[in-house]
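Visitor: I am new to this structure and would like to learn how to read it. Please take me through it one feature at a time.

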Number of protein chains: 2
Amino acid sequence: MASGATETTIHDIARRLNVSSTTVWRAINGRQRVSPKTKQLVLDEVERTGYRPSLVAQNLSSGRTRTLGVVVPTIANSVYAALVRAIEQKAFDRDYSIILCNTDFDLDREQRYLDLLMRRRVEGVLLIPFVKETATVNDFHVRRLVQAGIEVVCMQQPLPANGVPQVAPDNFGAARDMTQHLVRLGHRRIAFLHGGLQAWHASMGERFEGYRAALAEAGLAEDPGLVVEACSFESILAGVEGAFYADRVQALLQSKDRPTAVFAPVDVLAIKVMAVLRGLGMRVPDDVAVAGFDDIVMSAFTDPPLTTVRHPSSAVGGRAAELLFERLAEAGGVRTDLETPRLERVPCELVIRRSCGAEPVE
Amino acid sequence: MASGATETTIHDIARRLNVSSTTVWRAINGRQRVSPKTKQLVLDEVERTGYRPSLVAQNLSSGRTRTLGVVVPTIANSVYAALVRAIEQKAFDRDYSIILCNTDFDLDREQRYLDLLMRRRVEGVLLIPFVKETATVNDFHVRRLVQAGIEVVCMQQPLPANGVPQVAPDNFGAARDMTQHLVRLGHRRIAFLHGGLQAWHASMGERFEGYRAALAEAGLAEDPGLVVEACSFESILAGVEGAFYADRVQALLQSKDRPTAVFAPVDVLAIKVMAVLRGLGMRVPDDVAVAGFDDIVMSAFTDPPLTTVRHPSSAVGGRAAELLFERLAEAGGVRTDLETPRLERVPCELVIRRSCGAEPVE
DNA sequence: ATAGGATGTGTAATCGGTTACGCACCGGTG
DNA sequence: CACCGGTGCGTAACCGATTACACATCCTAT
């Protein structure tokens, strides 16, 4: 027994009124018949004592916890914060609570949290899986969740099909749109900067494919020299400093065949590129246009403000939550878990600012 | 009964092994004697079935939920996000989970969440109370929590003593430091911009007092004309656009007795002031120095970068969590609830950038 | 007058762990 | 040989809400 004033229980009410707790329950929940006077007596006593049914007990006896786990790398990143915010909103509307789990880009932490969420018998988990080199490890834990009857929806990082529905930004479409935008502005030599094109980190690869598709559509040849790994994978994940390959970027920007536009599909990277350009005495967008991806807060305040793709983090979170609730609602029906797992794409919006030149006259 | 595969219970294990569930419990928890062979049998079976004790059931029978409620205006604000992050870290270390509650500057939402947290029997609540005009309403709900034996620690907004420990930034000291910094840089006419000096919103008032104290210490007279309400209260809370009184700020900056420095103790406000100055063709810091408060993300990226006070949000969150756990640990001892409620202050750090001129040579 | 239905309420079991209590058996001591 | 403490384990109750089932009343219809 913990400390503190013990809460009044349904039995306390019953005892004081000389009725059974069942009667009290019926009066409160109004789902079975009680005589009007008894009902009134009970409600008065409830009011008087400020009785509130314990959700802990309800959870146990009903088998439903009305709780969701939300597992993200870190809430300190504004993109993830917006995503969590959207989820919390949907959950609140449906009287669900969310347990916040920051994995801090640590696989061990992620696993411990997933285990905890299982033990807490959450009804669902919204997960931004930490992908690194291989998704096998999370996959194992995700599978355990699913087997335990917990609905899981993955977000953000398209994973190899693991039987779980996923919601992710339309990286391909957005990158293609941005590249097309640059083409429309007259650019013919457009560089693509990345942080490693590992197969297991799909987002970056998808953006790259979008870039390539736009080039192809515009009839432009791909120049391998314009595709540069400009920072380490880690620095993209966490926005960490340090692993930026300034030399390569400088070399690119000073080569005789230098690009007239640089698409760095992560804002932190794009901003660093602008710094390099400033260092080289080159102007943005006059000498080189720069485009980013994510629309982090500072992107609106760089000099010049960064043209970028708005990461639809709210929409991703909101849609993922909806999807989860849909599945929760239809659970009990025939679970067609064998169906092809869905991967929903959320469209992204271009944010045209000044780092790529004048706003195009559409 | 919810859908999904029903989890194995301690009774399942017991039945399969032909022992009592008590024995299984003892083998798992190792807190009472069991014969080595029985213990091994049980542990093997646990391993085999992947049994994990239900925290829902444990919560009910132990009366402890190992859960905290964290109630903040909105996680989308980076200052609050950092605070929540710090809390989550401390909670994770102690095997506690946190339920995230965004009140969205809505008193009704705050109350509904506090009620929910009570019903969920959380052990503690970390709350950034929404203060507006009167704190009476939250006070009522906070009191209910305390009466229910839930530990509450308020953060961020110094409240009139309500018997609950509080952790807040040292607004007074920080504002004094910043003002002194401006004085050291040679400024004699330092304006103070605010968003209303309502008594019920203590932070702003404390910063104002810090400003006044520094002036007094420097032997400078206060000029009421230099103290201007530059935006609405709401716009400060949420960083909302629109309620910025540009005309007043312009008038101040163009008056013949115009200030040489402006202390706008909220970064969003300071940044708007810089925009006004740019509009007037005045340079920062050459014509007018500008200082802010909070060190929001964009403050490092304004032109010039903003000199400001770093809001110690992580420290506030972390300290509040520690305080909560301390109280949780000592609960059961003699609760001296009648003691003077503590209000802890967390020191803030000046972030000297370029909006106030050269870094002072200390 | 009496069967049949609606009505109001209580009893006891259940959800999954936890725990007070007690019992049987062991070896050792007086 | 009787007694005692330690050991290993089971029974049953409990946490607080929920629910299947049953049992009295009372009203109505035949």
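Visitor: How are H8(A) and H9(A) placed to each other, oblique or not?

Guide: Two packed helices are described by the angle between their axes and the distance between the axes. Here the axes of helix H8 (residues 171–184) of chain A and helix H9 (residues 202–217) of chain A cross at roughly 40 degrees and come within 7 Å. H8(A) and H9(A) are therefore oblique to each other. Angles under 35 degrees count as roughly parallel, over 145 as roughly antiparallel, 65 to 115 as roughly perpendicular, and the rest as oblique. Axes are lines fitted to C-alpha atoms, for helices over the stretch in contact, and angles run from 0 to 180 degrees between N-to-C directions. Helices (H or I, at least four residues) and strands (E, at least two) are DSSP runs, numbered from the N terminus.

Guide: A word on the source: this is a predicted model, in which local features need pLDDT of at least 70 and side-chain atom pairs count only at pLDDT 80 or more, while totals for chains, interfaces and linings use all residues. Residues are numbered from 1 along each chain as its sequence is written, and chains are lettered from A and ligands numbered from 1 in the order in which they are written.

Visitor: Which hand does the crossing of H8(A) and H9(A) have?

Guide: A crossing is left-handed if the near helix is turned anticlockwise from the far one by less than a right angle, and right-handed if clockwise. H8(A) and H9(A) cross in the right-handed sense. Among the residues that meet are Phe172(A) and Val183(A) in H8(A), and Tyr211(A) and Leu215(A) in H9(A). Two residues are in contact if their C-beta atoms, placed from the backbone, lie within 7 Å. By class, this contact of H8(A) with H9(A) has eight nonpolar, six polar and four charged residues. Ala, Val, Leu, Ile, Met, Phe, Trp, Tyr, Cys and Pro count as nonpolar, Asp, Glu, Lys and Arg as charged, and the others, Gly among them, as polar.

Visitor: At what angle do helix H11 and helix H12 of chain A pack?

Guide: Helix H11 (residues 246–254) of chain A packs on helix H12 (residues 267–279) of chain A at about 60 degrees, and their axes are 10 Å apart. That angle makes H11(A) oblique to H12(A). The crossing of H11(A) with H12(A) is right-handed. From H11(A), Ala246(A), Val249(A), Gln250(A) and Leu253(A) meet Val273(A), Val276(A) and Leu277(A) of H12(A). Six of these residues are nonpolar, one is polar and none is charged.

Visitor: What rotation superposes chain B on chain A?

Guide: Copies are superposed by least squares on the C-alpha atoms of residues with pLDDT of at least 70 in both. Chain B falls on chain A after a rotation of 180 degrees with 0.1 Å of shift along its axis, with RMSD 0.1 Å. The two copies are thus related as by a two-fold rotation axis.

Visitor: How many residues does each chain bring to the contact?

Guide: Chain A brings 46 residues and chain B brings 46 residues. On the side of chain B that touches chain A, H5(B) gives the largest share, six residues. That side has 23 nonpolar, 14 polar and nine charged residues. The copies meet through the same surface, because 100% of the interface residues of chain B are also interface residues in chain A.

Visitor: Which residues are closest to DNA strand C?

Guide: A residue is near a molecule or strand if its C-beta atom, placed from the backbone, lies within 6 Å of it. DNA strand C is surrounded by 25 residues, the closest being Arg33(A), Ser61(A), Ile10(B), Ala57(B) and Ser61(B). H4(B) gives the most to this surface, five residues. The surface near DNA strand C has eight nonpolar, 16 polar and one charged residues.

Visitor: Which element gives the largest share of the surface near DNA strand D?

Guide: H4(A) does, with five residues. Around DNA strand D there are 25 residues, and Thr9(A), Ile10(A), Ala57(A), Thr23(B) and Ser61(B) come nearest.

Visitor: Where is the backbone unusual?

Guide: Most residues other than glycine have a negative phi, and most peptide bonds are trans. Asp104(A) has a positive phi, near 55 degrees. The peptide bond from Asp303(A) to Pro304(A) is cis, with omega near -5 degrees. Pro304(A) sits in the loop between strand S9 (289–291) and strand S10 (308–310) of chain A.
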